[in-house]
Amino acid sequence: MSDAEYLSVQNLSLAYGTSMAVEKLNLTIRKGELLALLGPSGCGKTTTMRAIAGLMPIAGGQIDLDGRDITRVPANKRTVGLVFQSYALFPHLSVYENVAFGLRLKGMKGANLDTKVASGLKSVGLSSFASRKPSELSGGQQQRVALARSMVMDPKVLLLDEPLSNLDARLRLEMRTELQRVQKATGVTMIFVTHDQVEALALADRIVVMKNGAIEQIGTPEEIYNAPVSAFVADFVGFDNIFRLEEKRLKTENGHITLSGDIPEITGLAWRPGAVTLGSGPFEGTVRGSSFAGNTREYLLDSALGPIKAEVGAALPAYEIGQKLAFDLPVEKAAGLKVFN
């Protein structure tokens, strides 16, 4: 077993009754990696995480962790930590006792327990909060207590289920930084489940995009963001203008459109709103919607190609609703799609 194969999921199949949730999934995770399972509700990401944790019966396949087959090992024997979306803190226990709970079950006590709990609270910046109850903490602080409670158990893998979804925007940003800091400081292998592409892009070393119980694409944040392989992934990471290609021409609701530029042998092209050229080009559209977004202004155009979403700097003169204007879809600014689904 190499560090590159620290956690291995082989031909994993999971079902709810007669309905397959995940079928023959294969995934290898490196030691010390921060991996995101990304996708919409129902794609199988949480089900896969629960199977790794030992909380989901397996219909087929195998899970290996650190050279050991854990497929049939009970959840409490897997050395896998789990931080729930709801935090699952004991409201009647202090922060100290919440963090100490699992250690006490293992028989740790006295000075060893105090040292371990103190180390866990220090790692998440809560050393001075040991005597408080969960109700006396903010959402971000409660999340950090849950993180410390799992970390003190020295898990081989730490699983986080939608870890930031209950926090407001400011706290989510703070906790992203905190998760990265703790993960890099401890070197623990982390897998977190999220439906938020911004969160995945900001946190993960690699992202696994899932659809209908299968892996659609695996890559670094830069690869997923800049080079989606399919229309599904492109749509999920913010490519709003997506077109199928037939004989190197765009297939639109009004027929086929020829683009200028070199078109590779692919199935589709996708443009982010910021890649659309407004004010010049071979196409014409009518402004149907306009919205101010701080540094940028977003437009929705009606055109012969169908709806087009565009984004330009807010400092530029604004276009009016109903105004006709030229636009272009530069091929060199498009993502080439290998799969159109």
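**Exercise 1. The chain as a whole**

What percentage of the 341 residues in the chain is buried? Work this out for the predicted model above, then describe the overall build of the chain.

*Solution.* Start with burial: 48% of the 341 residues are buried. Next, look at secondary structure, where the chain has eight helices and 19 strands. For the extent, take the principal axes: the C-alpha atoms fill a box of roughly 75 × 45 × 35 Å. Finally, turn to the contacts between residues at least 6 apart in sequence; 64% of these join residues at least 24 apart.

**Exercise 2. The nonpolar cores**

Find which residues touch the most other members in the largest nonpolar core, and list the contacts of isoleucine 207.

*Solution.* The largest nonpolar core holds 49 residues, and Val117, Leu147, Leu158, Leu160 and Ile207 touch the most other members. Now set aside the neighbours of isoleucine 207 within four places in sequence; its contacts are then Ala36, Leu38, Ala200, Leu201, Gln217, Ile218, Gly219, Pro221 and Ile224. Elsewhere there is a second, separate core of 30 residues, with Leu25, Leu35, Leu65 and Ile191 among them.

**Exercise 3. Helix H2 and its two partners**

Describe how H2 packs against H3 and against H4.

*Solution.* A reminder before we begin: two packed helices are described by the angle between their axes and the distance between the axes.

Step 1: H2 with H3. Helix H2 spans residues 95–105 and helix H3 residues 110–123; their axes come within 10 Å and cross at roughly 120°. That angle falls outside the 65 to 115 degrees counted as roughly perpendicular and is not over 145, so H2 and H3 are oblique to each other. The crossing of H2 past H3 is right-handed.

Step 2: the residues involved. From H2 come Val95, Tyr96, Val99, Ala100, Leu103 and Arg104, and they meet Leu113, Asp114, Lys116, Val117 and Leu121 of H3. Sorted by character, this contact has eight nonpolar, no polar and three charged residues. Val117 of H3 appeared in Exercise 2 too, as a residue of the largest nonpolar core.

Step 3: H2 with H4. Helix H4 covers residues 139–151, and the axes of H2 and H4 come within 7 Å, crossing at roughly 30°. An angle under 35 degrees counts as roughly parallel, and therefore H2 is roughly parallel to H4. This crossing is right-handed. Val95, Asn98 and Val99 of H2 make the contact with Val145, Ala148 and Arg149 of H4. Here the division is four nonpolar, one polar and one charged.

**Exercise 4. Valine 182 and asparagine 112: buried or exposed?**

Place each residue in its helix and classify it.

*Solution.* Valine 182 sits in helix H5, residues 169–186. Its relative accessible area is 1%, and buried means under 20%, so valine 182 is buried. Not counting residues up to four places away in sequence, valine 182 touches Ser123, Val124, Leu147, Met151 and Gly187. Asparagine 112 belongs to helix H3. With a relative accessible area of 58%, where exposed means over 50%, asparagine 112 is exposed.

**Exercise 5. Helix H1**

Why can H1 be called largely enclosed by the rest of the structure?

*Solution.* Helix H1 runs over residues 45–53, and seven of its nine residues are buried, so H1 is largely enclosed by the rest of the structure. The buried ones are Lys45, Thr47, Thr48, Met49, Ala51, Ile52 and Ala53. Just after H1, glycine 54 adopts a positive phi of about 90°.

Terms used
Residues numbered from 1 in each chain as written. Predicted model: local features only at pLDDT ≥ 70, side-chain atom pairs only at ≥ 80, totals over all residues. Heavy atoms only, no water. Core = buried A, V, L, I, M, F, W, Y, C linked by side-chain atoms within 4.5 Å. Buried < 20%, exposed > 50% of the residue type's maximum accessible area, 1.4 Å probe, protein only. Contact = heavy atoms within 4.5 Å. Axes fitted to C-alpha atoms, helices over the stretch in contact; angles between N-to-C directions. Helix = DSSP H or I, 4+ residues; strand = E, 2+ residues; numbered from the N terminus. Left-handed = near helix turned anticlockwise from the far one by under 90°. Nonpolar A, V, L, I, M, F, W, Y, C, P; charged D, E, K, R; others polar.
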